[in-house]
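Here are my notes on the model you sent over. Have the structure open while you read, and go through the points in order.

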Amino acid sequence: MGASKSKQTTQSSSSSQTTIKDKTLSGLGNLIRVLPTGTVFLYQFLSPVLSNNGDCATTIYKYLTAILVAVCGFSCFFSSFTDSYVGDDKKTHYGVAILKGLWPSADSKNVDLSAYKLRIGDFVHAFFALIVFGVLVLLDQKTVSCFYPLSDSAEKTLLKVLPPIVGAISSVVFTWFPNKRHGIGYPSSTDTSQTSKSTSSSSTTV
């Protein structure tokens with residue numbers, strides 16, 4: 001009887017922890033949308049390999065994991081200052097936002113590149129992208145275990161607290177500073193326009 005009760009308790013606690021993780025990851029998925037898709041995929045793919053699945057007894061694994069976090073963090077920050085446009089050749093061109101527009105920029109008579117100039121909101125989005133990526137790193141058990149192993153209670157607290165707080169901040173940030181850029185790693189302006197067109201056509205058909 002005692003053994004069966006202990007097994008049931010263990011199973012219920014593990015299932016509840018799994019449920020918390022599932023809800024947290026689903027909520028975090030909405031926040032990850034503000035990050036470059038390729039950067040998130042690269043981090044999630046390389047993190048278990050470079051961190052040796054969280055076992056960083058050898059120092060080299062810590063250095064490799066730290067380099068991965070730094071490179072991906074810089075990518076999230078830098079991508080906030082990039083944008084894309086459709087030129088006269090009907091192709092999508094990417095560039096970095098500067099004070100006068102986009103750099104480098106091909107000659108385009110039909111596109112006002114000065115509309116893509118650097119804004120204060122770009123710095124806000126870049127800083128917020130770093131925060132979201134930091135949350136993603138903190139919720140990655142393998143990366144955290146590589147540097148600072150946490151107990152189950154501390155991990156559960158992070159899973160409960162971080163996503164709702166960042167979600168609340170994100171709603172305020174995007175209300176005051178809406179993001180209209182389609183930079184590197186994000187859906188391009190052509191993809192967005194095609195999506196909006198398909199959505200409007202489907203609604204008209206209905």
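1. Start at the hairpin of strand 1 and strand 2, where 5 residues lie between the strands and K90 takes a positive phi near 65°. Keep in mind that this is a predicted model. As a reminder, most residues other than glycine have a negative phi.

2. The two strands of that hairpin, strand 1 (82-86) and strand 2 (residues 92-97), run antiparallel and are joined by 5 bridges. If you want to check the register by eye, look for Y85, whose bridge partner in strand 2 is H93. D83 is another handy marker, standing opposite G95 in strand 2.

3. Carry on along the chain and you meet a second hairpin, made by strand 2 and strand 3, with 4 residues between them. In its turn, G101 has a positive phi of about 155°. Strand 2 and strand 3 also run antiparallel, here with 2 bridges. A97 has L102 in strand 3 as its bridge partner.

4. Put together, these strands give an open sheet of 3 strands in the order 1-2-3, with antiparallel pairing. Strand 1 (82-86) and strand 3 (102-103) are the edges: each has a single partner strand, so one side of each has no neighbour in the sheet. In general, strands of a sheet pair through backbone hydrogen bonds.

5. Just where strand 3 gives way to the next loop, have a look at the backbone. The peptide bond from W103 to P104 is cis, with omega near -10°. P104 itself sits in the loop between strand 3 and helix 4. For context, most peptide bonds are trans.

6. Back to D83, this time for its side chain. How many salt bridges does the structure hold? The count is 2, and one of them joins the side chains of D83 and R181 at 3.0 Å, N to O. This pair links distant parts of the chain, with D83 in strand 1 and R181 in the loop between helix 6 (152-176) and helix 7 (189-205), 98 residues apart. Side chains of opposite charge can pair when their charged atoms come close.

7. Now the helices. Which way do helix 2 and helix 4 run relative to each other, parallel or antiparallel? The axes of helix 2 (residues 37-50) and helix 4 (residues 120-138) come within 12 Å and cross at roughly 20°, and the two are therefore roughly parallel. Helix 2 passes helix 4 in a right-handed crossing.

8. Helix 4 also packs with helix 6, at an angle of about 165° and with the axes 11 Å apart. Helix 4 and helix 6 are therefore roughly antiparallel to each other. Their crossing is left-handed.

9. One more backbone spot to check is N52, which has a positive phi of about 55° although it is not a glycine. You'll find N52 in the loop between helix 2 and helix 3.

10. Last, the surface. Which residues form a nonpolar patch there? They are I60, Y63, L64, I67 and V71, with about 480 Å² of accessible area together. To find the patch, go to helix 3 (residues 59-79), where I67 is located.

Definitions and conventions: Residues numbered from 1 in each chain as written. Predicted model: local features only at pLDDT ≥ 70, side-chain atom pairs only at ≥ 80, totals over all residues. Heavy atoms only, no water. Pairing = 2+ DSSP bridges. Patch = residues over 30% accessible without salt bridge, like charges linked within 9 Å, V, L, I, M, F, W, Y side chains within 5 Å. Areas by Shrake-Rupley, 256 points an atom, 1.4 Å probe, with all protein chains shown as cover. Salt bridge = Lys/Arg side-chain N within 4 Å of Asp/Glu carboxyl O. Axes fitted to C-alpha atoms, helices over the stretch in contact; angles between N-to-C directions. Parallel < 35°, antiparallel > 145°, perpendicular 65-115°, else oblique. Left-handed = near helix turned anticlockwise from the far one by under 90°.
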